[in-house]
Amino acid sequence: MSPLTAAADFIGAVPKRTQELFPGVIVAVLVAMTAQFLAEHYEAPAMLMALLLGIAVAFLGDEGKTVPGIGFAARSILRIGIAFLGVRISFDLMAGLGLPVVLLVISGVLATIGFGLLVARFFGHGWRFAFLTAGSVAICGASAAMAISAILPKDDKSEQRLIFTVLGVTVLSTVAMIAYPILVTRLGLDETAGGIFLGATIHDVAQVVGAGFSISEYAGDTATLVKLMRVSMLAPIVLIAALIIRSYADAPDDGKRPPLLPMFVIGFLALAGLNSLGLIPTVIADFMSQASKWLLLIAISAVGMKTNLKRVLAVGGPAIALLVIETFFIAGLILAGLYYLA
């Protein structure tokens with residue numbers, strides 16, 4: 001087949017593919033818009049609202065014309081949204097925190113992942129669930145859960161693990177947004193130390209911002225910057241994990257191994273590098289940052305619509321305990337580090 005013929009076939013298939021995907025994608029978009037509306041008017045986490053609303057209409061992901069589009073949103077739109085997160089990263093700003101703080105945050109992320117992999121067996125879970133939960137707690141909550149899930153070998157419990165983790169870290173992050181500022185005050189931490197603690201321990205970006213600015217503007221800025229440092233670790237950790245999984249893990253049930261270098265990781269790193277070099281205009285960076293938020297919201301809505309809630313709830317108490325213990329671990333580790341640095 002000549003290149004021209006192949007190109008003509010591809011172009012000819014686009015309208016048909018678009019028509020096939022449109023119903024499911026537009027439903028996911030509508031669920032995401034509703035979730036954002038509820039989040040803004042009732043001060044609830046948008047990700048959690050999208051997930052719960054998606055679960056409420058999960059029948060749309062089981063059969064009918066919406067199934068292909070919902071699947072596309074849960075996979076492809078998810079990856080684009082994660083790649084776009086790269087525009088939030090600026091390595092120059094992070095260097096301004098100072099080497100001790102940078103090392104503390106990096107150590108907290110790596111230690112939490114290692115801790116999760118170590119203790120998961122005592123809760124009856126394997127390395128896949130351990131890496132998924134610990135990575136979500138250590139890096140950036142729901143976004144990390146979706147990125148890590150994308151590189152894990154698939155089996156019949158993959159979506160069940162993902163939904164549980166997204167739901168769990170979002171709830172815990174919301175609790176931390178309320179409880180941690182009180183803890184910062186009780187412990188007598190100043191604005192800088194309090195901002196570092198909040199940014200290094202709360203799972204999701206939105207909750208970090210909410211907790212930080214509830215203390216002061218300076219604490220909010222510091223917390224956001226520290227949180228973005230954790231977000232910047234998403235790509236290298238996913239990349240290294242993908243290489244290890246590809247080399248040493250057992251083949252997945254469908255026989256397909258994760259790609260050697262996922263495209264969304266390449267996109268994330270490329271955008272982070274360009275933004276750090278100042279090559280992305282502020283207007284475009286702001287647009288892509290907002291686009292990332294909406295793409296991830298659409299994706300998590302679609303993931304919710306693909307969810308069997310009974311199977312998610314069947315994960316059980318040990319899984320909840322694992323997630324909570326990982327959350328306590330990173331909080332305790334960062335607090336100990338702050339007192340040591342002080």
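Trainee: How much space lies in the largest cavity?

Mentor: A cavity is a spot where a 1.4 Å probe fits but cannot get out. In this predicted model, the largest cavity holds about 30 Å³ of space. The structure has 1 cavity of 30 Å³ or more.

Trainee: Which residues line the largest cavity?

Mentor: Look for Leu 132, Ser 149, Leu 152, Lys 154, Ser 158 and Arg 161. By class, that lining splits into 2 nonpolar, 2 polar and 2 charged residues.

Trainee: OK, now pockets. What is the volume of the largest pocket?

Mentor: A pocket, unlike a cavity, is an open set of points. The largest pocket here has a volume of about 820 Å³. It is lined by 26 residues, and the closest to its centre are Ala 46, Val 205, Ala 206, Gln 207 and Lys 293.

Trainee: Which elements give two or more residues to the lining of the largest pocket?

Mentor: Those are helices H1 (3-42), H2, H8 (158-187), H10 (205-215), H11 (217-232) and H14. H14 supplies the largest share of the lining, with 5 residues. As for chemistry, count 14 nonpolar, 7 polar and 5 charged residues around the largest pocket.

Trainee: H2 and H14 are both on that list. At what angle do the axes of H2 and H14 cross?

Mentor: For a helix pair, read the axis distance, the angle and the handedness. The axes of H2 (residues 46-56) and H14 (residues 282-305) come within 6 Å and cross at roughly 35°. The crossing of H2 past H14 is right-handed. On the H2 side, the contact is made by Ala 46, Met 47, Ala 50, Leu 51, Gly 54 and Ile 55. H14 brings Leu 296, Leu 297, Ile 300, Ser 301, Gly 304 and Met 305. Sorted by class, this contact has 9 nonpolar residues, 3 polar and no charged. Ala 46 turns up twice, in the contact with H14 and among the residues closest to the centre of the largest pocket.

Trainee: Last one: why is H9 described as largely enclosed by the rest of the structure?

Mentor: Count the residues under 20% relative accessible area, the cut-off for buried. In H9 (residues 191-201), 9 of the 11 residues are buried, so the helix is largely enclosed by the rest of the structure.

Trainee: Which residues of H9 are buried, and what covers them?

Mentor: The buried ones are Ala 193, Gly 194, Gly 195, Ile 196, Phe 197, Leu 198, Gly 199, Ala 200 and Thr 201. Their cover includes H5 (99-119), H8, H10, H11 and H16 (317-341). You've already met H8, H10 and H11 in the lining of the largest pocket.

Key
Residues are numbered from 1 along each chain as its sequence is written. This is a predicted model: local features need pLDDT of at least 70, side-chain atom pairs count only at pLDDT 80 or more; totals for chains, interfaces and linings use all residues. Side-chain values use heavy atoms; hydrogens and water are left out. On a 1 Å grid over the protein atoms alone, a cavity is a set of points where a 1.4 Å probe fits but cannot get out, and a pocket is an open set with protein on both sides within 12 Å along at least five of seven lines; lining residues have an atom within 4 Å of a point. Grid points are joined across faces, edges and corners, and a volume is the space filled by probe spheres set on the points. Ala, Val, Leu, Ile, Met, Phe, Trp, Tyr, Cys and Pro count as nonpolar, Asp, Glu, Lys and Arg as charged, and the others, Gly among them, as polar. Axes are lines fitted to C-alpha atoms, for helices over the stretch in contact, and angles run from 0 to 180 degrees between N-to-C directions. Helices (H or I, at least four residues) and strands (E, at least two) are DSSP runs, numbered from the N terminus. A crossing is left-handed if the near helix is turned anticlockwise from the far one by less than a right angle, and right-handed if clockwise. Contact means heavy atoms within 4.5 Å. Buried means under 20% relative accessible area, exposed over 50%, partly exposed in between (1.4 Å probe, protein chains only).
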